[in-house]
Amino acid sequence: AAEMKKMDEEPPRRAEEERIAAELAAEKAAERAALIQRYADMDPLHRRMQSKLRAACMGTSPRKIFTKYDKDRGGSLDADEFKKMVRVAMKVTAKEMPDEEINQLVAE
């Protein structure tokens with residue numbers, strides 16, 4: 001009798017698992033679409049910064065780079081720390097991105 005009950009429960013359980021998997025896949029697709037849209041909506045300055053940060057992170061993590069430049073260990077970068085990270089870690093020259101543009105990013 002216990003085996004019969006277990007067999008009766010299998011189809012609903014499988015259907016529930018499939019429903020959950022479908023929901024998760026839909027959520028993942030929606031998150032990906034939102035990320036793509038956010039990138040498309042990004043202005044060129046932000047796109048350049050994202051590209052430079054991605055290149056600077058090759059072989060390491062953004063967290064490690066961030067931590068290296070967060071000198072006061074406050075959990076955020078002040079304007080000077082951010083500018084140093086941009087210039088040194090991300091190898092962005094003043095010609096590529098003037099200080100005014102970096103200040104604009106910090107102000108946002």
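**Salt bridges and buried acids**

Student: Why is aspartate 99 called partly exposed?
Tutor: Its relative accessibility is 31%. Buried means under 20% relative accessible area, exposed over 50%, and partly exposed in between (1.4 Å probe, protein chains only), so aspartate 99 at 31% falls in the middle class. This is a predicted model, in which local features need pLDDT of at least 70, side-chain atom pairs count only at pLDDT 80 or more, and totals for chains, interfaces and linings use all residues. Residues are numbered from 1 along each chain as its sequence is written, and side-chain values use heavy atoms, with hydrogens and water left out.

Student: What makes arginine 87 and aspartate 99 a salt bridge?
Tutor: Their closest N and O atoms are 2.6 Å apart. The rule asks for a side-chain nitrogen of Lys or Arg within 4 Å of a carboxyl oxygen of Asp or Glu, so this pair qualifies. Arginine 87 lies in helix α4 (residues 79-89) and aspartate 99 in helix α5, so the pair ties together parts 12 residues apart in sequence. Helices here are DSSP runs (H or I, at least four residues), numbered from the N terminus. Arginine 87 is partly exposed, at 22% relative accessibility.

Student: How many salt bridges does the rule give?
Tutor: The count comes to six. One of them joins the side chains of arginine 48 and glutamate 101, at 2.7 Å from N to O. Arginine 48 belongs to helix α2 (residues 44-56) and glutamate 101 to helix α5 (residues 99-107), so this pair ties together parts 53 residues apart in sequence. Arginine 48, at 35% relative accessibility, is partly exposed, and glutamate 101, at 24%, is too.

Student: How far apart in helix α1 are glutamate 16 and arginine 19?
Tutor: Three residues, about one turn of the helix, which spans residues 2-41. An α-helix has 3.6 residues a turn, so residues three or four places apart point the same way. The closest N and O atoms of glutamate 16 and arginine 19 are 2.5 Å apart, in a salt bridge. Glutamate 16 is partly exposed at 34%, as is arginine 19 at 38%.

Student: How do you know that aspartate 70 has no salt bridge?
Tutor: The nearest side chain of opposite charge, arginine 73, is 5.3 Å away, so the 4 Å limit is not met. Aspartate 70 is nevertheless buried, and its place is in the loop between α3 (62-69) and α4. Its side chain reaches the backbone nitrogen of glycine 75 at 2.8 Å, inside the limit for a polar contact (N or O atoms within 3.5 Å, one able to donate a hydrogen and the other to accept it; residues adjacent in sequence count only if both atoms are side-chain atoms).

Student: What does the side chain of glutamate 81 reach?
Tutor: It reaches the backbone nitrogen of aspartate 72, at 3.3 Å. Glutamate 81 is also buried without a salt bridge, with arginine 73, the nearest side chain of opposite charge, 7.2 Å away. Leaving aside neighbours within four places in sequence, glutamate 81 is in contact (heavy atoms within 4.5 Å) with residues including Tyr69, Asp70 and Ser76.

Student: Which residues of α4 are buried?
Tutor: Glu81, Phe82, Met85, Val86 and Ala89. They cover an arc of only 135° around the axis (directions from the helix axis to the C-beta atoms), which puts them on the same side of α4. Their cover includes α2, α3 and α5.

Student: What caps the N-terminal end of α4?
Tutor: Aspartate 78 does, with a side-chain oxygen 3.0 Å from the backbone nitrogen of aspartate 80.

Methods. Helix = DSSP H or I, 4+ residues; strand = E, 2+ residues; numbered from the N terminus. Lys, Arg positive; Asp, Glu negative; His and termini not counted.
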